[in-house]
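Trainee: Could you take me through this protein model step by step, so that I learn how to reason from the coordinates to a statement?

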Amino acid sequence: MDNTTTDRFGTSRFEASRNRLASLAYRLLGSAVDAEDAVQDAFLHWQAADRQRIKVPEAWLTKVVTNLCLDRLRSAQARRERTAGAWLPEPLLDGDPMLGPADTFEQRESVSLAVLTLMERLSPVERAVYVLREAFSHSHAEIGEILDLTESASQQHLHRARRRITGARRGGEEEVDPASARRIVEEFLAAASSGRTERLVALLTDDATAISDGAGLTEKLLQFDTAQRIAAVAGAGFKPTPAKRRLAGGTPAVHYALVNGAPAILFVIGDQVIGAVTFDIAGGKIATVRGIAAPARLVRLTEDWRQHEPDTPLITQW
């Protein structure tokens with residue numbers, strides 16, 4: 001086998017694992033852009049490696065990507081960004097291969113915006129153990145090989161990670177009926193667009209929270225933690241005005257979508273997503289609202305949207 005054939009075979013082996021590696025990196029980093037960079041770095045490691053000595057390429061690649069992601073999580077820049085109060089997971093449109101695997105509830109939950117946010121409370125190693133076990137079903141022996149841990153240490157890290165995430169959850173552990181979720185979101189949009197704050201309060205849980213990135217115009221996230229305050233902010237923010245249309249650069253259509261497995265509404269001008277609002281629903285009410293409009297956080301979602309066949313807009317011209 002000549003060098004060209006060997007390189008082509010090596011590249012094809014890597015490409016067969018690319019989606020799995022990207023979904024692993026996304027769960028570890030919460031950013032599609034960073035995940036893509038980590039996978040590309042792994043490809044460079046793969047090209048430089050003596051592949052004849054790699055017995056199980058998938059396991060080798062998993063270890064490389066995991067440790068590249070851990071290096072990023074431990075970096076001074078990442079610590080600054082994630083502790084400055086301006087970090088949110090990057091949202092992805094359902095169907096994006098980075099959201100896989102999604103066969104079990106645990107796999108789907110591990111890529112929800114809620115859990116990606118809660119994983120910020122974990123140490124990098126706890127986060128890696130949690131993702132490798134919950135999302136990719138690796139044994140503790142395999143995780144130990146990937147992270148250079150003993151099996152018992154892996155089990156302890158998983159126990160702490162589960163305890164921290166479960167303890168921070170605010171209900172809504174079960175998946176929501178899709179039809180019910182859409183109805184609740186449509187009611188929220190209708191009430192917010194018309195400024196009916198009493199109806200908005202009724203749609204929210206008593207301990208509801210809202211988070212917004214301020215379209216990237218603020219250094220820190222905007223957070224609201226009472227139903228009354230959220231209703232007031234939503235009523236003011238969702239009501240269309242000429243000034244808001246000028247700021248948006250046109251008149252958006254408003255579409256219903258699923259983002260990271262959760263119901264969402266997208267504001268779209270042409271084929272550009274300019275804003276996403278996602279909802280966590282618990283007990284038939286909205287527990288968390290996330291407003292994401294910073295352009296850098298919407299790049300991949302917009303790319304996927306352009307390949308997507310959308311339903312009829314909830315609002316044709318907002």
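Mentor: Let us begin with a term: helices here are DSSP runs of H or I with at least four residues, strands are runs of E with at least two, and both are numbered from the N terminus. Please also keep in mind that this is a predicted model.

Trainee: With that term in hand, where does Ser137 lie?

Mentor: Ser137 falls outside the helices that flank it, one of which is H7, covering residues 124-134. The other flanking element is helix H8, which covers 140-147. The place asked for is therefore, by the definition of those runs, the loop between H7 and helix H8.

Trainee: Is Ser137 buried or exposed?

Mentor: The cut-off to remember is that a residue counts as exposed when its relative accessible area is over 50%. Ser137 has a relative accessibility of 53%, and so it counts as exposed.

Trainee: What is notable about the phi of Ser137, and what is its value?

Mentor: Most residues other than glycine have a negative phi. Ser137 is a residue other than glycine, yet its phi is positive, with a value near 55°.

Trainee: Asn260 also has a positive phi, so is Asn260 buried or exposed?

Mentor: Asn260 is not a glycine either, and its phi is about 50°. It is found in the loop between strand S3, residues 253-259, and S4. Because its relative accessible area is 3%, Asn260 is buried.

Trainee: Which two residues are joined by a cis peptide bond?

Mentor: Most peptide bonds are trans, which is why a cis bond deserves a look. In this model the bond in question has an omega of about -10°, and one of its partners lies in the loop between helix H4 (76-83) and helix H5 (105-109). The residues joined by this cis bond are Gly100 and Pro101.

Trainee: How many helices and strands does the protein chain have, taken as a whole?

Mentor: The elements named so far belong to a longer list, which is counted over the protein chain. The secondary structure comes to 14 helices and 6 strands.

Trainee: What radius of gyration does the protein chain have, and what would a compact globule have?

Mentor: The C-alpha atoms fill a box of roughly 65 × 45 × 35 Å along the principal axes. With 318 residues, a compact globule would have a radius of gyration near 20 Å, so the value for the protein chain agrees with that rule, being 21 Å.

Trainee: What share of the residues counts as buried?

Mentor: The protein chain exposes about 15,700 Å², and carbon and sulfur atoms supply 51% of this area. Among contacts between residues at least 6 apart in sequence, 67% join residues at least 24 apart. As for the residues themselves, of the 318 in the chain the share that counts as buried is 46%.

Trainee: How many salt bridges are there?

Mentor: Side chains of opposite charge can pair when their charged atoms come close. The protein chain has 39 positive and 42 negative side chains, and the centres of the two sets lie 4 Å apart. With a cut-off of 4 Å between a side-chain nitrogen and a carboxyl oxygen, the count of salt bridges comes to 17.

Trainee: Which residue meets Arg162 in a salt bridge, and is that partner buried or exposed?

Mentor: The partner is Glu134, with a distance of 2.7 Å from N to O. This pair links distant parts of the chain, Arg162 in helix H9 and Glu134 in helix H7, 28 residues apart. At 37% relative accessibility, Arg162 counts as partly exposed, whereas Glu134, at 15%, counts as buried.

Trainee: Helix H9 also holds His157, so which residues does His157 touch?

Mentor: His157 lies in helix H9, which covers residues 151-168. It is buried, because its relative accessible area is 15%. Not counting residues up to four places away in sequence, the residues that His157 touches are Val125, Glu126, Val129 and Leu149.

Trainee: How far apart are the closest N and O atoms of Asp271 and Arg306?

Mentor: Asp271 lies in the loop between strand S4 and strand S5, Arg306 in helix H14, and they are 35 residues apart in the chain. Asp271 counts as partly exposed at 42% relative accessibility, and Arg306 is partly exposed at 42%. Their closest N and O atoms form a salt bridge at 3.4 Å.

Key:
Residues numbered from 1 in each chain as written. Predicted model: local features only at pLDDT ≥ 70, side-chain atom pairs only at ≥ 80, totals over all residues. Heavy atoms only, no water. Buried < 20%, exposed > 50% of the residue type's maximum accessible area, 1.4 Å probe, protein only. Contact = heavy atoms within 4.5 Å. Rg over C-alpha atoms; globule rule 2.2 N^0.38 Å. Areas by Shrake-Rupley, 256 points an atom, 1.4 Å probe, with all protein chains shown as cover. Lys, Arg positive; Asp, Glu negative; His and termini not counted. Charge placed at Lys NZ, Arg CZ, Asp CG, Glu CD.
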